[in-house]
Amino acid sequence: MRISAATLLLALLPNAAQAFTSTGFTARNSGSRLFMTAEESTNTKEIKVGVIGCGRIGIVHLGAITKAPNVTPVIVSNPTVSKAEAAAKQFGVPKFTSDAMDVITDPEVDAVWICSPSSFHADQIKACAANGKHVFCEKPLATDLAETVEAINACNEANVKLMTGLQRRFDPNFGRVKDAILKKEVGENIMIKLCSRDPSPPPFEYVKGGGGIFADMAVHDLDMSRFLAGCDPIDILAIGSCHIDKSIEELDGSEKFDTASCIVRYPNGLQAMIDVCRQSSYGYDQRAEVLGTKGMIATDNVYPNTAKIYKNDFTGNADMPYDFFLSRYNEAYVTETIAFCESLVNDTPVPCSGKDGLAALVMALAADKSAAENRWVSFKEIVATVNCNSPTDCQVVDSDVFPEGFIPTSASDLLTPSVDEKKAGVTGSGFIGRIKELFSESSAAA
């Protein structure tokens with residue numbers, strides 16, 4: 001049945017949903033329900049999980065899973081099967097395979113950790129949803145905006161949980177800053193500053209095809225600005241340049257940048273300033289600062305130890321800050337893994353949702369567009385380019401093709417309610433929800 005434009009307009013004009021409300025997880029949550037009494041544990045279900053990808057990140061997550069009460073890894077996979085075999089032996093996992101689909105279709109598995117290369121994420125998320133498996137996926141959820149929406153909606157439609165791996169939210173330093181904001185220790189937020197500088201630039205082969213400095217690197221800082229702001233951003237101004245590895249200047253878009261800065265505007269005049277660089281001669285530089293009406297809170301870098309040297313020509317830390325992201329954020333990776341385990345065991349909302357992953361990608365794409373066009377870019381501009389025929393069939397198109405009132409205005413508009421939102425009574429009031437209801441009504445009438 002063909003539906004008229006007038007009917008669509010009437011269905012879509014009212015009740016725009018909130019954009020993409022940030023999840024208020026605090027890394028310093030000492031009241032974790034994972035650590036329960038013996039009496040409680042007898043009434044708690046056991047969750048069996050599989051892990052796809054036994055590289056560095058997969059091994060970190062697998063190690064954390066083995067420490068979580070009532071969660072048991074039962075199968076792991078890796079294309080190089082010897083890595084899967086070694087991981088299985090190291091952590092006592094009974095099954096290993098070279099095929100990710102063996103993990104996804106295993107009847108024992110309740111949830112899957114996706115730690116594979118980014119290009120496989122969307123298809124593996126969709127396969128998990130089709131097989132009724134809950135999903136933890138390292139960022140990004142997909143390599144483009146339309147696929148990200150499809151992957152999230154596949155989980156939402158299948159009523160399975162989806163958690164996005166944005167590990168900095170679970171770092172104790174950033175968590176303490178979030179606590180200070182929630183407790184109004186420094187008053188109302190005025191300005192957020194974040195810096196992210198890697199010890200050394202990645203090889204040319206990594207940068208080429210990696211999506212650019214905003215999607216590949218600054219996405220963590222963009223997400224952190226939203227996490228600390230506690231509200232949705234309005235627009236962004238970004239610039240980039242190349243100072244370290246001149247060979248990348250031949251690449252397209254923001255892949256040719258090794259240095260970039262962003263200003264993000266939030267409601268009520270709140271500003272976030274972000275700078276990123278692919279090289280820092282003094283180690284891994286990851287700091288945050290929040291200025292409030294009553295004070296300021298800031299973090300320092302993390303060092304391997306607290307030892308200091310005092311000499312007539314030098315006073316300071318005996319060693320440099322951590323020079324590798326897995327060393328710097330090892331605790332955060334473990335904490336986020338345990339947080340998802342807790343959500344599965346106790347059936348509580350995931351602390352970093354698919355919606356959070358989508359919001360971070362929208363912010364990165366807006367930054368990329370801003371740097372390319374040398375102007376402020378509204379996040380609504382990015383969202384408005386997504387056209388969905390159904391929750392799991394989406395394309396990126398020119399927003400000019402839509403009639404007035406037929407344009408999604410927020411990330412939430414693109415998503416159907418998650419299983420956690422449904423349990424909280426949230427209905428499909430967004431753009432996709434209204435489309436779905438409209439077509440369902442039309443099919444019933446036919």
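1. A good place to start is the pairing of arginine 169 with aspartate 356, whose side chains form a salt bridge at 3.7 Å, N to O. Arginine 169 sits in the loop between strand 6 (162-165) and helix 8 (172-182), while aspartate 356 belongs to helix 13 (residues 354-373), so this contact ties together parts that are 187 residues apart in sequence. Both arginine 169 and aspartate 356 are buried. Do keep in mind as you look at it that this is a predicted model.

2. That pair also has company. Arg169 and Asp356 are joined with Asp223, Arg226 and Asp232 into one network, through salt bridges that share partners. For the structure as a whole, the count comes to 25 salt bridges.

3. Next, have a look at lysine 95 and aspartate 106, which meet through their side chains in a salt bridge of 2.6 Å, N to O. Lysine 95 is in strand 3 (residues 95-97) and aspartate 106 is in the loop between helix 5 (100-104) and strand 4 (111-114), so the pair links parts that are eleven residues apart in sequence. The two partners differ in their surroundings: lysine 95 is partly exposed, at a relative accessible area of 30%, whereas aspartate 106 is buried, at 7%.

4. Another pair to check is lysine 423 with aspartate 347, a side-chain salt bridge of 2.6 Å, N to O. Here lysine 423 lies in helix 15 (residues 419-423), and aspartate 347 in the loop between helix 12 (330-346) and helix 13, so the bridge ties together parts that are 76 residues apart in sequence. Lysine 423 counts as exposed, with 53% relative accessibility. Aspartate 347 counts as partly exposed, with 36%.

5. Now to the cysteines. A disulfide is a covalent bond between the sulfur atoms of two cysteines. Searching the whole structure turns up one disulfide. Cysteine 388 and cysteine 394 are the residues it joins, with an S to S distance of 2.1 Å. The link between cysteine 388 and cysteine 394 is right-handed, with 105° about the S-S bond. Both cysteine 388 and cysteine 394 are buried.

6. Why is cysteine 242 without a bond to cysteine 277? The closest cysteine sulfur to that of cysteine 242 is the one in cysteine 277, and at 9.6 Å it is too far for a bond. Cysteine 242 is buried, with a relative accessible area of 10%. Cysteine 195 likewise counts as buried, at 5% relative accessibility.

Methods
Residues are numbered from 1 along each chain as its sequence is written. This is a predicted model: local features need pLDDT of at least 70, side-chain atom pairs count only at pLDDT 80 or more; totals for chains, interfaces and linings use all residues. Side-chain values use heavy atoms; hydrogens and water are left out. A salt bridge is a side-chain nitrogen of Lys or Arg within 4 Å of a carboxyl oxygen of Asp or Glu. Helices (H or I, at least four residues) and strands (E, at least two) are DSSP runs, numbered from the N terminus. Buried means under 20% relative accessible area, exposed over 50%, partly exposed in between (1.4 Å probe, protein chains only). A disulfide is a pair of cysteine sulfur atoms within 2.5 Å.
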